[in-house]
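Here is a short report on a protein model, written for a reader who works with coordinates. Please keep the structure open while reading.

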Amino acid sequence: YVEYMCLTQEKLLNNKELLLYLYKKRGLKKLAIDLCGMGFDDTENCFTIPIFSLGKDAITDFELREKSENKKIRRIGGGCATIAKIWGVDKAKELYIVEGFIDGITLAQWLLESKRDSFTIYSCSNGVGSLFNCLKEIDFSNFDNVKLILDNDEAGDLATKQIIDKYKFITDCRKFLVVNDCKDINEYYLRKVVKN
């Protein structure tokens, strides 16, 4: 998996057309793409995002996202539900739990641009429906604040309520999405940060 990540990442980072596509479609810049290990598999014609396990920083699988607009997403290894680290260290001031990998990469880029330095970003590797059951994998004592930013939709609302009801110390931080009528972090970033 490490060799695959290096090969696909090199293909992406050296392809100006693909980098321009990611910037125009998602607002993603080369630094964030590099830091999060994103790549491109030209055989599969899809973007690759490594799924890192907690603690060991081992790659357990890859999310494959087709370049086309149909947003078909699949996994190399089939995709078991687990918490995945998108960015950060095992101990930090802030832990952000987001719904998707693109949102996580976008948030990492945004926080780095805002000169934030002590944060970690996690997501569930198999969708928001399995997030609640995967939270037990997290050692919350490693973080001063835990912030939840799931999508501003019915599934995100349901998962957020379920999580906040059980984990009282987790803060729902989706208000900026609701106020700006954005579905997710990436949409907000494209509309409010990139456009300004």
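How much accessible surface does the protein have, and what share of it belongs to carbon and sulfur atoms? The accessible surface comes to about 10,000 Å², and carbon and sulfur atoms hold 51% of it. The model is a predicted one.

## Overall build

The protein contains eight helices and nine strands. Its C-alpha trace spans about 45 × 40 × 30 Å along the principal axes. A compact globule of 196 residues would have a radius of gyration near 16 Å; the protein has 16 Å, so the two agree. Of the 196 residues, 49% are buried. Take the contacts with a separation of 6 or more: 62% of them join residues 24 or more positions apart.

## Aromatic pairs

A search of the whole structure turns up 14 aromatic pairs. One of them joins Tyr1 and Phe62: the ring centres are 5.4 Å apart and the planes stand at 85°, so the pair is edge-to-face. The cut-off behind that label is an angle over 60 degrees. Tyr1 sits in the segment before helix H1 (2–13), while Phe62 belongs to strand E3 (residues 59–66), so the pair ties together parts that are 61 residues apart in sequence. The two partners have their own burial values. Tyr1 is partly exposed, at 40% relative accessibility. Phe62 is buried, at 0%.

Phe140 and Tyr167 form a further pair. Their ring centres lie 5.6 Å apart and their planes make 50°, so this pair is tilted. It links distant parts of the chain, 27 residues apart. Phe140 is in the loop between helix H5 (131–134) and strand E8 (143–149). Tyr167 is in the loop between helix H6 (154–166) and strand E9 (170–172). Phe140 is buried, with a relative accessible area of 14%. Tyr167 is buried as well, at 13% relative accessibility.

Ring pairs also build a cluster. Its members are Trp110, Phe176, Tyr188 and Tyr189.

## Charges over rings

Which lysine sits over the ring of Tyr21? The charged end of Lys67 does, 5.0 Å from the ring centre. Tyr167, already met in the tilted pair, has a charge over its face too: Lys166 lies there, at 5.8 Å from the ring centre.

## Helix H2

Tyr21 leads on to helix H2 (residues 16–26), where it is one of the buried residues. The others are Leu18, Leu19, Leu22 and Arg26. These buried residues cover an arc of only 155° around the axis, which puts them on the same side of H2. What does the face turned away from the buried side carry? It carries the exposed residues Lys16, Glu17 and Lys24.

## Positive phi in two loops

Two residues other than glycine have a positive phi: Lys115 and Asp181. The table sets out their values.

| Residue | Phi | Relative accessibility | Loop |
|---|---|---|---|
| Lys115 | near 65° | 73%, exposed | between helix H4 (101–113) and strand E7 (119–124) |
| Asp181 | near 50° | 60%, exposed | between helix H7 (175–179) and helix H8 (185–194) |

Why does each count as exposed? The cut-off for exposed is over 50%. Lys115 has 73% relative accessibility, so it counts as exposed. Asp181 has 60%, so it counts as exposed.

## Asp157 and Gly55

Asp157 is in helix H6. It is partly exposed, with a relative accessible area of 37%. Which residues does Asp157 touch, not counting residues up to four places away in sequence? They are Asp151 and Arg174. Lys175 is 18 residues from Asp157 in sequence, and the two are 12 Å apart in space, C-alpha to C-alpha.

Gly55 lies in the loop between strand E2 (46–52) and E3. Strand E3 also holds Phe62, the buried partner of Tyr1. Gly55 itself is partly exposed, with a relative accessible area of 47%. Gly55 and Ser123 are 68 residues apart in sequence; in space they are 14 Å apart, C-alpha to C-alpha.

Definitions and conventions
Residues are numbered from 1 along each chain as its sequence is written. This is a predicted model: local features need pLDDT of at least 70, side-chain atom pairs count only at pLDDT 80 or more; totals for chains, interfaces and linings use all residues. Side-chain values use heavy atoms; hydrogens and water are left out. Rings of Phe, Tyr and Trp (its six-membered ring) pair if their centres lie within 6.5 Å; planes under 30 degrees apart count as stacked, over 60 as edge-to-face and the rest as tilted. Helices (H or I, at least four residues) and strands (E, at least two) are DSSP runs, numbered from the N terminus. Buried means under 20% relative accessible area, exposed over 50%, partly exposed in between (1.4 Å probe, protein chains only). A charge sits over a ring if NZ of Lys or CZ of Arg is within 6 Å of the ring centre and within 35 degrees of the ring normal. The radius of gyration is taken over C-alpha atoms; the globule rule is 2.2 Å times the number of residues to the power 0.38. Contact means heavy atoms within 4.5 Å. Accessible areas come from the Shrake-Rupley method with a 1.4 Å probe; for residues, only the protein chains shown count as cover. The arc is that of the directions from the helix axis to the C-beta atoms.
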